[in-house]
Amino acid sequence: MTPRVQNMDRHSEEEEHELSDHSSISKRSSTAEQEQGLLGAWKQEEDGEDAGSEQDFRRPVRRRRWHWTVWATIAGATLFAVLIAVGFVFGLQHDAREAVEEALGVHTSDYILSPHWDFNAKPQRREYTWTVRDQVHNPDGVYRPMLLVNNQFPGPMIEVNEGDTIVVHVDNRAVNATSIHWHGIYQNGTPHMDGTVGITQCPIAPGGKFTYEFTVPGQSGTYWWHGHQGVQSSDGMHGPLIIHSRKEKELQQIKYDSDRVIMVSDHYHDLSSALLWQYLKPDMENTEPVPESGLINGQNIRSCDEYPHRECDNSTANVGQATFGLRPNRAHRLRIINVAAFAEFQFQIDEHELAVTEVDGTDVVPANFHRININPAQRYSVVINTTATTADSFWLRARMITQCFTDAPKTLQPDVYGIIRYSNTEELPTSIDWEEQLESECRDMDTKELAPVEVIPAPAKEDAFFYFRSNFEIGDYRLSRGMFDSSTWKPDARSTTLLRTIDGLVESNSSFAASNTAENPAAFINDIAFDKSRELVLQTTGVQTVDILVSNFDDGNHPLHLHGYKYFVLAQGHGYPPMKQPMDGITRDNISPLYEHLDLSNPLRRDTASVEAFGWILLRLVADNPGAWAFHCHVSWHTEAGLLMQFLTRTDELAKLEVPQANRDLCAAEGIEKGMGPDDEEYWDLAK
């Protein structure tokens, strides 16, 4: 298949693009309004709008640059009109300066890392100021409401050295509350900065401000940040976070001449709040929202003829296929991040082998692949050599594995293309695809060949073993909910696990004391302090080596992400793990045949690994980081359906942790529930 290309103009440096006259609000709307959004007929509702006027959504929006004298003449009137309109729509929630800024266009970045970066610079504070706004943008031509940081999509890149302190001042000017999670960051000593609503933080209210501050010692590599209130990441609230090691040139065993980030994502044309409402309704089992298409660094192109009832303009400068200019006869590092809500991608560059050199922040001995499978939240660095002689341009292909989808829309475009160019030619690639059969199952790529450069053996023996079932069950109101051992997570925006635990420990509340009934009293399921039906919490005291075996009784793949840690991936497979007596169920003793064949010499360490449909995974964790840490499926729809449990680790140290008053103040702010997923009780009428 040769993809159709429109608007090949790309830019080598960050550039701001102006949108036509658009402003938007993103709100947790009524049931009826959310249903309208699902029908692809989302529209901005403003009092005073002429209901009889109707645009031709297929007609490209044309703009003419006016002379400065014209602007000078109408500037006052325009500003006055904007202020009145925005003030009316937002209920006078924003001041004049904010109104003007919200009318600005969306810009992007090429995410090229500095070739002159000083890896040996002394540790320093790197400070950022971020403003969260509702925006309207057309990443693939179709306009949709989005939630963006600094009017940028994808969001700003953070680039620091190991040991630096990251300070991010967040000003939330959106109509919904928000929070930011720093994916893969240990947050050792600052668990209250992890950004997980209901676990480590209360949300930042609309109109509120909050400053994240944390240091990043002891880790380096490719990470990312994203919204953690509802499915806000899918609305555009995400970006890369790169940590350089002082030993980066040694840990990366292939020398490279350039370094850049490539983010792949699925893309929806409707707000995540509307899609989530539909997905969580009664009788909607196995109906995760299926995307319309994918994006590469926030770009793609769709034909407006496919969307006659949507506002669409695929001639704007931001729309098109992402193009990467790579000098020939050089080595180039590509840091690939899957920021999708649902889709797993197969990533390749025609006629170029991919040497994998990093997995989720762990540098690995290079291993060559033609394609890599990358699940949501995972990261792989690859190095390619631009030495092909057959052409000057080549297709970069990111293909969704559609086997995971049910009820895909007719407009689904599962393959998204970018272009690798050796020169400034504008000719389309005619490169040749690899001959190997494409992957048809949603699961992790085979990582057995990927050995960490820094050899760290897994502990020889575990202190505690836990077995969890993951599945979906039909519960109250005929609602399908994600479960770990019949527990489905329900976040409380005003009461976090971390603060409750710290306060309880300080007060010597016995419900947080070590269990006297568990096989290992220093590692147990705490069902006294927590309601297990909605908060499944594995609590540890002291440094414990914990093995976690998860069996997936669901027909969907689950990329399991653990906050605050990397774990050792000891084994994974389909069906059941090896057992002495298959009919006796899974216990530590019964799966001893599995343990007899484990290679503990240097297993892969990562923070997101998948348990495939009807499969299992065995993880080993050294629980040494004080805090409350989410362990959840990173298919965003599954997390919101409840497929999350928590690790409450080193509680012997938590009582000493001082949480800033600013964190506690968040929990008392008005409006922090805005943007959260619906409560099950809201579906009562639909379940009659």
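A residue is called buried when its relative accessible area is under 20%, and exposed when that area is over 50%. The exercises below apply this to a predicted model.

**Exercise 1. Decide whether Tyr-212 and Phe-210 count as buried or exposed, and describe how their rings are arranged.**

Begin with Tyr-212, whose relative accessibility is 0%, so Tyr-212 counts as buried. Continue with Phe-210, which at 4% relative accessibility likewise counts as buried. Turning to the geometry, the two rings form an aromatic pair with 5.0 Å from centre to centre and 85° between the planes, an arrangement that is edge-to-face.

**Exercise 2. Classify the ring pair of Trp-130 and Trp-225, and place it in the chain.**

The structure holds 16 aromatic pairs. In the pair to be classified, the ring centres of Trp-130 and Trp-225 are 4.5 Å apart and the planes stand at 45°, so the pair is tilted. The next step is to locate the partners: Trp-130 belongs to strand E3 (residues 125–137) and Trp-225 to strand E9 (residues 221–227), so that the pair, 95 residues apart, links distant parts of the chain. Both of these tryptophans are buried. Finally, ring pairs join Trp-130 and Trp-225 with Trp-182, Phe-210, Tyr-212 and Phe-214 into a cluster.

**Exercise 3. Identify the residues with the most contacts inside the largest nonpolar core, and trace the surroundings of Phe-631.**

The largest nonpolar core has 80 residues, and those with the most contacts inside it are Ile-372, Phe-631 and Trp-637. Once neighbours within four places in sequence are set aside, the contacts of Phe-631 include Phe-484, Val-550, Leu-560, Tyr-567 and Phe-647. Apart from the largest core lies another, of 47 residues, among them Leu-147, Tyr-212, Trp-225 and Ala-630. As background, nonpolar side chains in soluble globular proteins tend to be buried together.

**Exercise 4. Establish where Ala-493 lies, whether it is buried or exposed, and which residues it contacts.**

Ala-493 is found in the loop between strand E23 (480–484) and helix H6 (497–506). Its relative accessible area is 4%, and Ala-493 is therefore buried. With neighbours within four places in sequence left out, Ala-493 is in contact with Val-197, Cys-202, Pro-203, Ile-672, Glu-673 and Met-676. A further residue to compare is Leu-666, which is 173 residues from Ala-493 in sequence but 9.6 Å from it in space, C-alpha to C-alpha.

**Exercise 5. Find which rings have Lys-249 and Arg-469 over them.**

Lys-249 lies over the face of Tyr-256, at 4.9 Å from the ring centre. The charged end of Arg-469 sits over the ring of Phe-553, 3.9 Å from its centre.

Note on methods: Residues are numbered from 1 along each chain as its sequence is written. This is a predicted model: local features need pLDDT of at least 70, side-chain atom pairs count only at pLDDT 80 or more; totals for chains, interfaces and linings use all residues. Side-chain values use heavy atoms; hydrogens and water are left out. A nonpolar core is a set of buried Ala, Val, Leu, Ile, Met, Phe, Trp, Tyr and Cys residues joined through side-chain atoms within 4.5 Å. Buried means under 20% relative accessible area, exposed over 50%, partly exposed in between (1.4 Å probe, protein chains only). Contact means heavy atoms within 4.5 Å. Helices (H or I, at least four residues) and strands (E, at least two) are DSSP runs, numbered from the N terminus. Rings of Phe, Tyr and Trp (its six-membered ring) pair if their centres lie within 6.5 Å; planes under 30 degrees apart count as stacked, over 60 as edge-to-face and the rest as tilted. A charge sits over a ring if NZ of Lys or CZ of Arg is within 6 Å of the ring centre and within 35 degrees of the ring normal.
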